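Here are a few notes to help you find your way around this one. Have the structure open while you read them.

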Number of protein chains: 2
Amino acid sequence: MSGNNEVPGRTVVAKASMILDAFAGNRVSLSLSDLSRATGLPSSTVHRIAGELVDWGGLERTSDGDYTVGIRLWEIAARSRRSYGLRETAMPFLHGLFDLTRQHVQLAVLDGADALLIEKISAAHAVGTIGRVGGRLPLHASAVGKALLASSSPEVQERILARQLLAYTPSTLTSARVLRRELAETRRRGFALANEEMSIGAVSCAAPITVPGQEVVAAISVVMPAGEAPPHKWSPAVCGAGFGIARALSQHQPQPLISAQLTGT
Amino acid sequence: MSGNNEVPGRTVVAKASMILDAFAGNRVSLSLSDLSRATGLPSSTVHRIAGELVDWGGLERTSDGDYTVGIRLWEIAARSRRSYGLRETAMPFLHGLFDLTRQHVQLAVLDGADALLIEKISAAHAVGTIGRVGGRLPLHASAVGKALLASSSPEVQERILARQLLAYTPSTLTSARVLRRELAETRRRGFALANEEMSIGAVSCAAPITVPGQEVVAAISVVMPAGEAPPHKWSPAVCGAGFGIARALSQHQPQPLISAQLTGT
């Protein structure tokens, strides 16, 4: 199907996807040989396809000649239903929660086996955390992850519970039996807690955002320093924000994006 | 080069790019025939390539069977240098300006002939504006656009001045001569103003963010209701934030994105 030097059976679109996927890791720019290594594709193939992605604007070249994600990809991605509609609706609630708490406020969606951070507002002095916008947190070790998991279908829950539950700190729940009990407790009380289970020194409280009949399952959380207050300190405010966002999502669809039309070109 | 039913000479990557580009417009989801019309590609080609993009996660299907931008694209795009590094560095300054003003605070970059909005923080009661994150504003009619244009190379400025300058309100500057004088004034005083030139009822003040030796040209603005105060009311704070972000950008590169590694899978 393809040349002797190529990964057999891959289409050009699949190869372009593999090149873009290489940027989902922890580095902002990658060289041609980095991309060849990450994708398993020959340098000549990467060079040709990455060049076409640069022509389009999905990738850009740095001054060093490396490749980096282009602003065109970001612009299109900002139209993603799960980031755009959810984010636009949730932002006033996130800011309200931030004004109240002056801690980290996070918005995440369930994606595969992770919580994907859609938005994060942080005070300059807030406790160190590892989550970043566009980054992922494990479902079993973060409050936002446990809120998402507790609101998911039994099939999704069992799929995660069947995996190896990695320990990030000595407090991470690594037993499926203990985690299953914790998820039941999360559903009962309506919010999830994490007590230094993801990062030493950080505790958090998260509420699910679920809208009957809509596919988006999201969660909102506040992350604060351990020892300053119990993890559930802000739970009424977090739950209130979660209900508010869910109600707003169920009542209106976001406005169409009109600004792209404005320049008239 | 390709079949008789295809746009001649387009590679598969170019066709996939055209399909993704169709989502940069004003609609969040598009049908197969919408995509065929927007790209000029036959339905069969769109169906095949869009299907591969769905398999990857760059597109998703809605419950209606339409196509929409997938969360995978958003996740990769969050690594864009121009959104990620700039946004992470600028956020504390944006929040500071928002706390001070309680108006819209915007962060934009120059992209082609437009200002592309990277971030926006809005108070619930703030004046109605048309800019959204991922949306575009014209360079000649918005404060953020005029700040970007005034800081651009003479070649970029002349390219924009040579275009037709569309009127969005009766106050929009549509004369190249007047706009050239305004850009000189913007450089002299260090900030740009827009007085109901983009939206009736909204005035704004913007400062450029420029770092010698770096490619990013960005600008920060405050948008507030006309009549409440003169457009330059917040200019010292906006300029201070612009200088602060530029200094922070020149001093450090953003941390690598570590969270993608966390789940260990």
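1. Start with the interface. Putting chain A and chain B together buries about 7,100 Å², and carbon and sulfur atoms account for 58% of that area. On the chain A side, the residues that lose the most area to chain B are Ile71(A), Trp74(A) and Arg132(A), which together make up 11% of what that side buries. Counted by residue, 77 from chain A are in contact with 76 from chain B.

2. Keep in mind that this is a predicted model. For the complex, the predictor reports an ipTM of 0.70 and a pTM of 0.71.

3. Now for the charges and polar groups. Eight salt bridges turn up across the interface of chain A and chain B. One to look at is Asp99(A) with Arg102(B), where the closest N and O atoms are 3.0 Å apart. Between the two chains there are also 12 residue pairs in polar contact, both partners being at pLDDT 80 or more. Helix α5 of chain A, residues 81–101, gives the most to the side that touches chain B, with nine residues.

4. What sits over the ring of Tyr67(A)? That would be the charged end of Arg61(A), 4.3 Å from the ring centre. In chain B, the charged end of Arg61(B) sits over the ring of Tyr67(B), 4.3 Å from its centre. As for aromatic pairs, there are zero over all chains.

5. A word on confidence in chain A: mean pLDDT is 85, with 88% of residues at 70 or more. Residues 1–6 of chain A stay under 50, and so do residues 254–265. Where pLDDT is low, don't read the predicted coordinates in detail.

Terms used:
Residues are numbered from 1 along each chain as its sequence is written. Chains are lettered from A and ligands numbered from 1 in the order in which they are written. This is a predicted model: local features need pLDDT of at least 70, side-chain atom pairs count only at pLDDT 80 or more; totals for chains, interfaces and linings use all residues. Side-chain values use heavy atoms; hydrogens and water are left out. pLDDT is the predictor's confidence in each residue, from 0 to 100. Contact means heavy atoms within 4.5 Å. Rings of Phe, Tyr and Trp (its six-membered ring) pair if their centres lie within 6.5 Å; planes under 30 degrees apart count as stacked, over 60 as edge-to-face and the rest as tilted. A charge sits over a ring if NZ of Lys or CZ of Arg is within 6 Å of the ring centre and within 35 degrees of the ring normal. Buried area is the accessible area (1.4 Å probe) that two parts lose on being put together, summed over both. A salt bridge is a side-chain nitrogen of Lys or Arg within 4 Å of a carboxyl oxygen of Asp or Glu. A polar contact is a pair of N or O atoms within 3.5 Å; within protein, one must be able to donate a hydrogen and the other to accept it, and residues adjacent in sequence count only if both atoms are side-chain atoms. Helices (H or I, at least four residues) and strands (E, at least two) are DSSP runs, numbered from the N terminus.
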